[in-house]
Amino acid sequence: MANLREAQKRMTRRLLLESGLELFKAKGYAVTTVDDIATAAGTTRATFYAYFSSRSELMQALIDEQLNEALQRVGSPEHGSTAHGLVATVADGSPEAIAAWLGRTADSWPAIRPIIRIGRDAAVVDPDLTDLVERWLEEAVSDIEDGLTEAGRLEPHQRHFRGVLAMAQLDFVAQHWDRADWKLTREQMLGELTASWAALLN
């Protein structure tokens, strides 16, 4: 019986997260209310508050859980979250390893793009979420720095900033690929990103 209750709690929480994400995409974060989210999830305002203290806490959970899940990021005591695959890819440093990681990451763009866009929109109107996405991106930059450190490549003072440059490229392309007319196929785009990352990280 206890296991059933726990499963129901997990399902309700997941429904609240998914309903919040869908409403934020459809209506925008600024105008979506707690009541809207609770109703869409088939529950009540009181139930919402049993899981999240505020709309901003739900938004934070979307970043911490759904975005990290999509990108296979796990908790890290050093810097919030980490993607061991990214660290290993950067440590390897070969164009083949970079191309494979970028290809897998690009496959997840349809899932991660709306969360990042909503997170940036939310940060504009909600002071609790200032720099939410940028803090998350900084965790990915730290993974790149860790991979470079593990491999002993570049000077220590270069590693973090090279990670900043690599993630800035990836973030921009990921956020605009679906609506930009860059006259590139997906394969060509990934080839250009791979070449750029290989040059930056070696």
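1. In this predicted model, helices α8 and α9 approach each other until their axes come within 8 Å, and they cross at roughly 130°. That angle makes α8 oblique to α9, a word used here because angles from 65 to 115 degrees count as roughly perpendicular and those over 145 as roughly antiparallel, with 130° falling in neither group. As for the sense of the crossing, α8 passes α9 in a right-handed way.

2. Which residues bring α8 and α9 together? On the α8 side they are L137, E138, A140, V141, S142, I144, E145, L148 and T149, and they meet R159, H160, R162, G163, V164, A166, M167 and D171 in α9. Sorted by class, this contact of α8 with α9 has eight nonpolar, four polar and five charged residues.

3. It may help to place these helices in the whole chain before going further. The secondary structure of the protein chain comes to 10 helices and two strands, and along the sequence these follow the pattern α-α-α-α-β-β-α-α-α-α-α-α. Taken along the principal axes, the C-alpha atoms of the chain fill a box of roughly 55 × 40 × 30 Å.

4. Helix α8 also packs against α5, and here the angle is about 40°, with the axes 7 Å apart. The two helices α5 and α8 are therefore oblique to each other, and α5 passes α8 in a right-handed crossing. From α5 the contact draws on L86, V87, V90 and A91, while α8 supplies A140, D143, I144, D146, G147, L148, E150 and A151. The residues of this contact of α5 with α8 divide into eight nonpolar, one polar and three charged. A reader following α8 on the structure will find A140, I144 and L148 listed in the contact with α5 and listed again in the contact with α9.

5. A further pair to inspect is α6 (residues 95-107) and α10 (residues 186-200), whose axes come within 9 Å and cross at roughly 130°. Helices α6 and α10 are therefore oblique to each other, and their crossing is right-handed. In α6 the residues P95, I98, A99, W101, L102, G103, A106 and D107 meet R186, L190, L193, T194, W197 and A198 in α10. The residues of the contact of α6 with α10 divide into 10 nonpolar, two polar and two charged.

6. Turning from contacts to empty space, how many cavities of 30 Å³ or more does the structure hold? There is one, and the largest cavity has a volume of about 150 Å³. Its lining is made by 17 residues, of which L71, T105, W136, M167 and L170 lie nearest the centre of the cavity. The elements that give two or more residues to this lining are α6, α7 (109-125), α8 (132-151) and α9 (156-176). Among the elements, α9 gives the most, with five residues. By class, the lining of the largest cavity has 13 nonpolar, two polar and two charged residues. M167, one of the residues nearest the cavity centre, is also on the α9 side of the contact with α8.

7. The largest pocket should be kept apart from that cavity, and about 180 Å³ of space lies in the pocket. Its lining consists of A70, L71, Q72, A83, H84, G85, L86, W101, R104, T105 and S108, and the elements that give two or more residues to this lining are α5 (84-92) and α6. What classes do these lining residues belong to? Five are nonpolar, five are polar and one is charged.

8. As a last point, some residues recur from one part of this note to another. L71 and T105 line the largest pocket and are also among the residues nearest the centre of the largest cavity. W101 lines the pocket and takes part in the contact of α6 with α10, whereas L86 lines the pocket and belongs to the contact of α5 with α8.

Technical notes:
Residues numbered from 1 in each chain as written. Predicted model: local features only at pLDDT ≥ 70, side-chain atom pairs only at ≥ 80, totals over all residues. Heavy atoms only, no water. Axes fitted to C-alpha atoms, helices over the stretch in contact; angles between N-to-C directions. Helix = DSSP H or I, 4+ residues; strand = E, 2+ residues; numbered from the N terminus. Parallel < 35°, antiparallel > 145°, perpendicular 65-115°, else oblique. Left-handed = near helix turned anticlockwise from the far one by under 90°. Contact = heavy atoms within 4.5 Å. Nonpolar A, V, L, I, M, F, W, Y, C, P; charged D, E, K, R; others polar. 1 Å grid on protein atoms, 1.4 Å probe; cavity = no way out; pocket = protein on both sides within 12 Å on 5 of 7 lines; lining within 4 Å. Points joined across faces, edges and corners; volume = space filled by probe spheres on them.
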